[in-house]
Amino acid sequence: MEDKKKYFRIGFVGAGTHANNMLYPSLTFLDDFEVERVAVCDLSEEKARKVASNFGVAHVYTNHQEMFAKEKLDGVVVCINAKGHPPVVRDALQADLDVFCEKPTSITVEESEELAELSRKTGRFVMVDHQKRRATAYQKALEIVKSPSFGKVTMVEAKMHGHIYDNLFNCMMEWQIHNIDIVRAFAGDVKEIVARMCRLADNRASIAILLTFENGAVATLNWGSEAGGKGRFCERIEVVGSNDEAVIVENVRHVIHYKEDESKEWAPNWVPILKNQTTVIDGYVGNLREFMNCVLERRQPVPNIEDEVRALRVIYAIAEQLGIPAEWTITIGDR
Ligand SMILES: NC(=O)c1ccc[n+]([C@@H]2O[C@H](COP(=O)([O-])OP(=O)(O)OC[C@H]3O[C@@H](n4cnc5c(N)ncnc54)[C@H](O)[C@@H]3O)[C@@H](O)[C@H]2O)c1
């Protein structure tokens with residue numbers, strides 16, 4: 001007999017590019033849930049109406065507070081930008097709602113610390129959409145690393161090249177923050193940071209970072225605005241354990257597990273069937289499923305606003321060491 005589906009009433013704030021490309025389509029793949037798309041809010045009524053018609057959302061708003069007051073929701077997805085997230089997430093928590101918020105949750109560390117405090121006070125969750133943690137390849141790697149035979153993580157080597165933004169601070173906040181989050185998923189909390197860079201222009205540089213972790217592990221991160229970029233060979237992580245094992249993830253797809261006598265390679269099957277869609281492989285579906293399960297089971301989701309505070313602290317420390325001003329100039333929406 002088929003298991004009964006879990007029921008979830010969801011609301012959305014933000015009907016822009018990322019929500020349309022990734023988040024709303026991801027709901028289709030949550031086949032263990034019946035998700036009622038209750039309401040969508042955007043400052044642009046036209047955008048909100050378009051989402052409502054494309055993704056079957058019942059009600060349209062241009063004011064999130066009105067939506068929170070009028071609709072019965074189990075949780076809300078907030079997908080605006082670092083500047084717009086704090087006031088909306090604050091209002092959601094105060095309206096007794098659990099929140100799934102896009103990264104970065106704020107421009108400053110202090111704003112996210114305030115949201116973390118409010119989350120603790122209200123008992124409502126703020127999950128942050130660092131989707132890599134639930135990408136199929138990283139899930140496989142995390143399963144290997146967390147298994148007892150792997151031992152303790154001693155070393156991580158991480159690379160994240162890619163897009164060129166207006167300035168290096170925007171690039172770190174929008175793009176390389178994902179790298180910090182996934183490295184933290186493998187090695188835990190960061191204790192010390194040493195950063196150096198080879199600068200090419202205001203918005204172009206190669207950056208090398210040395211991290212030590214609370215558990216004694218060490219990591220090197222290499223971030224570039226050059227070298228392939230645009231997804232060609234932009235991302236690679238290698239994690240080494242204390243029992244002579246290592247796992248490598250190439251470009252969020254290909255996993256190699258080195259272990260004496262039983263090394264294995266693994267990659268998702270690229271046949272274009274539903275479960276291989278980018279929404280699934282890159283982790284957006286998994287993150288939304290985790291959010292809904294955590295809300296229903298009253299279990300703290302990961303990564304959450306406390307994780308984001310720690311990731312933002314690392315970004316700010318790196319920027320400060322490199323003399324990169326914390327200037328947020330981003331206008332999202334044209335990607
Ligand atoms: N996790 C990922 O991989 C990933 C990828 C891309 C973007 N993002 C993040 O998603 C967020 C959105 O990015 P985007 O490219 O979709 O931006 P966007 O500008 O296309 O969309 C933002 C939308 O929010 C609306 N908005 C702004 N303020 C609002 C308010 N107070 N109430 C209601 N609506 C409001 C805007 O009108 C716009 O439609 C950013 O934080 C970005 O970093 C995450």
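Gly216 takes a positive phi near 95 degrees. This glycine belongs to the hairpin of strand 9 and strand 10, which has four residues between the strands. The model is a predicted one, and every value below is computed from it.

Follow the hairpin outward. Strand 9 covers residues 204–213 and runs antiparallel to strand 10, with seven bridges joining the two. One position to look at is Ser206, which stands opposite Gly224 in strand 10. Strand 10 (residues 218–224) also pairs with strand 7 (residues 153–161). That pairing is parallel and again has seven bridges. Here Val156 has Ala219 of strand 10 as its bridge partner. Strands of a sheet pair through backbone hydrogen bonds, either parallel or antiparallel. Strand 10 takes part in both kinds: antiparallel with strand 9, parallel with strand 7.

Now turn to the N-terminal part of the chain. An unreviewed UniProt entry lists residues 8–130 as "domain: Gfo/Idh/MocA-like oxidoreductase N-terminal". Over residues 8–130 the chain is 42% helix and 23% strand. The C-alpha atoms at the two ends are 21 Å apart.

Next comes a second sheet to trace. Six strands form an open sheet in the order 3-2-1-4-5-6, with parallel pairing. Strand 3 and strand 6 (126–128) are the edge strands, and each pairs on one side only. On average, neighbouring strands of this sheet are turned by 25 degrees against each other, direction ignored. At the strand 3 edge, strand 2 and strand 3 pair in parallel over three bridges. Val40 stands opposite Val60 in strand 3.

Two helices lie across these strands. Helix 2 lies across strand 2 and strand 3, and runs at about 160 degrees to strand 3. Helix 9 (residues 284–297) lies across strand 1 (6–13), strand 2, strand 4 (75–78), strand 5 and strand 6. Its angle to strand 1 is about 115 degrees.

Look at helix 2 (residues 45–55) in detail. Its buried residues are Ala48, Val51 and Ala52. They sit on the same side of helix 2, because they cover an arc of only 100 degrees around the axis. An α-helix has 3.6 residues a turn, so residues three or four places apart point the same way. The buried residues pack against helix 1 (17–26), strand 2 (33–41) and strand 3 (59–61). The other side of helix 2 carries the exposed residues Glu46, Lys50 and Ser53. Just after the helix, Gly56 takes a positive phi of about 70 degrees.

Val57 lies in the loop between helix 2 and strand 3. With a relative accessible area of 7%, Val57 is buried; the cut-off for buried is under 20%. Leaving aside residues up to four places away in sequence, Val57 touches Phe12, Arg37, Val38, Ala39, Val40, Val51 and Ala52. Val51 and Ala52 are among the buried residues of helix 2. For a sense of scale, take Val57 and Val240: they are 183 residues apart in sequence and 46 Å apart in space, C-alpha to C-alpha.

The loop between helix 4 (85–94) and strand 5 (99–101) holds Asp98. Is this aspartate buried or exposed? Asp98 counts as buried because its relative accessibility is 0%. Its side chain reaches the backbone nitrogen of Phe125 at 2.7 Å. The side chains of Asp98 and Arg298 are joined by a polar contact of 2.8 Å. Beyond residues up to four places away in sequence, Asp98 touches Asp74, Gly75, Val76, Arg124, Phe125, Phe291, Val295 and Arg298.

Asp96 lies in the loop between helix 4 and strand 5 too. Asp96 has a positive phi of about 70 degrees although it is not a glycine. At 46% relative accessibility, this residue is partly exposed. Asp261 is another non-glycine with a positive phi of about 70 degrees. Asp261 lies in the loop between strand 13 (254–258) and strand 14 (264–266). Its relative accessibility is 80%, so it counts as exposed.

Two cis peptide bonds round off the tour. One runs from Lys103 to Pro104, with omega near -20 degrees. Pro104 lies in the loop between strand 5 and helix 5 (109–122). Another joins Val302 and Pro303, with omega about 0 degrees. Pro303 lies in the loop between helix 9 and helix 10 (305–322).

Technical notes
Residues are numbered from 1 along each chain as its sequence is written. Side-chain values use heavy atoms; hydrogens and water are left out. Buried means under 20% relative accessible area, exposed over 50%, partly exposed in between (1.4 Å probe, protein chains only). A polar contact is a pair of N or O atoms within 3.5 Å; within protein, one must be able to donate a hydrogen and the other to accept it, and residues adjacent in sequence count only if both atoms are side-chain atoms. Contact means heavy atoms within 4.5 Å. Two strands pair if DSSP finds at least two bridges between them. UniProt positions are given in the numbering used here, feature names are shortened, and annotations may be inferred rather than shown by experiment. The arc is that of the directions from the helix axis to the C-beta atoms. Axes are lines fitted to C-alpha atoms, for helices over the stretch in contact, and angles run from 0 to 180 degrees between N-to-C directions.
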